[in-house]
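User: I am new to this structure. Please take a close look at its inner cavity, then walk me outward to other parts.

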Amino acid sequence: MPAFDHHLLPLMPPATKDEIDRQTVLGTVFWSSKTGQELVVRLIGAEERIFVVAVTVPEANRDNPHLGIWLKQIKETMLTAIRLTVDAEAAPFFTGAGFLTMMSPTDCPEPRYEVMIANTINEDYRLNAGNVIGFYQQIAKKEIAPIASLLSDAQIPAMPPQYRVLSLVRAIELLWLDEHSRREALSLWQTRYEELNIGTRPLESELHVLRTRCAHGKSRGRANPEPFVGIGYGENTLMQLVRLLRSIVVTEMADRWQMEFGGDILTP
């Protein structure tokens, strides 16, 4: 079993071969948990920019049940530090489930980044420009435009998931202005909502709670809820919630206005 796991968070744009060849450790900080476990956090890059955040986990901490939370908080905190000091637009690579991360097990105590990231082009793919034009004509309508805009905002990968939830909650409210109709429509999604273990009340009633937790990091009736705002908290749950709320909005818009959606917005 390798002595170290190096967890890597590459930043955009992808490092070139020349940068990878010239890489060096630009900075190091030691992170300790409340129970004494120690991880090493490094910034890897060339002199002109950082292109990887690396967190080294020794074999003794590899199976710690809290490791995933630690890694998430460390990476997001470092990303925040980078944005507030050297590059306001620093961003990782995004996937449908969050940041693209990598792990390199090795006996070497220091990480080395050796990955060339590139896009693969599907030569059989053909853009359906006609659907784009037709979609534009539909969402230009006054009743659809604000809902489509909110749904579009929730598709921006760099937007924190709590704000994506806020956009989708508002889109749902605009889709069903009448509370009775909204309650009836959302009842069809109740089982999926309860599977997220966020709440058990009717989803229509939970919209206000979700807005409060995402906008203010607190919830009615609970003294110390897990915040849905801040660095490293609740993203796994929030991304599942984003996908659920997005499915609700997309399904209703497609059925009500015969709209043809495409891309990863159809991911359940």
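Analyst:
**The cavity and beyond**

Searching the whole structure, a predicted model, turns up one cavity of 30 Å³ or more. How much space lies in the largest cavity? The volume is about 30 Å³.

Now the walls. The lining includes P10, L11, P14 and A15. F51, F93 and Y113 also line the cavity. V115 and I117 are lining residues too. What kinds of residue are these: nonpolar, polar or charged? The lining has nine nonpolar residues, no polar ones and no charged ones.

Next, take L100. L100 sits in the loop between β6 (98–99) and β7 (102–106). Several of its contacts lead back to the cavity. L100 touches P10, F93 and I117, and the cavity lining includes P10, F93 and I117. L100 also touches L8, L9 and T95. These contacts leave out residues up to four places away in sequence. Along the chain, L100 and P10 are 90 residues apart. In space, their C-alpha atoms are separated by 7.5 Å. Is L100 buried, exposed or in between? Its relative accessible area is 27%, so L100 counts as partly exposed. Buried would need under 20%, and exposed over 50%.

A second residue can be read in the same way. T237 belongs to helix α9, which covers residues 235–257. T237 has a relative accessible area of 24%, so T237 is partly exposed. Which residues does T237 touch, beyond those up to four places away in sequence? The partners are L196, I198 and F228. T237 and L196 are 41 residues apart along the chain. Their C-alpha atoms are separated by 6.9 Å.

Last, a pair of helices. Helix α6 spans residues 179–186, and helix α8 spans residues 203–216. Their axes come within 8 Å. They cross at roughly 100°. Angles of 65 to 115 degrees count as roughly perpendicular, so α6 is roughly perpendicular to α8. Which residues meet there? From α6 come E179, R182, R183 and L186. From α8 come L203, E204 and L207. The contact of α6 with α8 holds three nonpolar residues, no polar ones and four charged ones.

Set the two groups side by side. The cavity lining has no charged residues. The contact of α6 with α8 has four. Neither the lining nor the helix contact has a polar residue.

Note on methods: Residues are numbered from 1 along each chain as its sequence is written. This is a predicted model: local features need pLDDT of at least 70, side-chain atom pairs count only at pLDDT 80 or more; totals for chains, interfaces and linings use all residues. Side-chain values use heavy atoms; hydrogens and water are left out. Axes are lines fitted to C-alpha atoms, for helices over the stretch in contact, and angles run from 0 to 180 degrees between N-to-C directions. Helices (H or I, at least four residues) and strands (E, at least two) are DSSP runs, numbered from the N terminus. Angles under 35 degrees count as roughly parallel, over 145 as roughly antiparallel, 65 to 115 as roughly perpendicular and the rest as oblique. Contact means heavy atoms within 4.5 Å. Ala, Val, Leu, Ile, Met, Phe, Trp, Tyr, Cys and Pro count as nonpolar, Asp, Glu, Lys and Arg as charged, and the others, Gly among them, as polar. Buried means under 20% relative accessible area, exposed over 50%, partly exposed in between (1.4 Å probe, protein chains only). On a 1 Å grid over the protein atoms alone, a cavity is a set of points where a 1.4 Å probe fits but cannot get out, and a pocket is an open set with protein on both sides within 12 Å along at least five of seven lines; lining residues have an atom within 4 Å of a point. Grid points are joined across faces, edges and corners, and a volume is the space filled by probe spheres set on the points.
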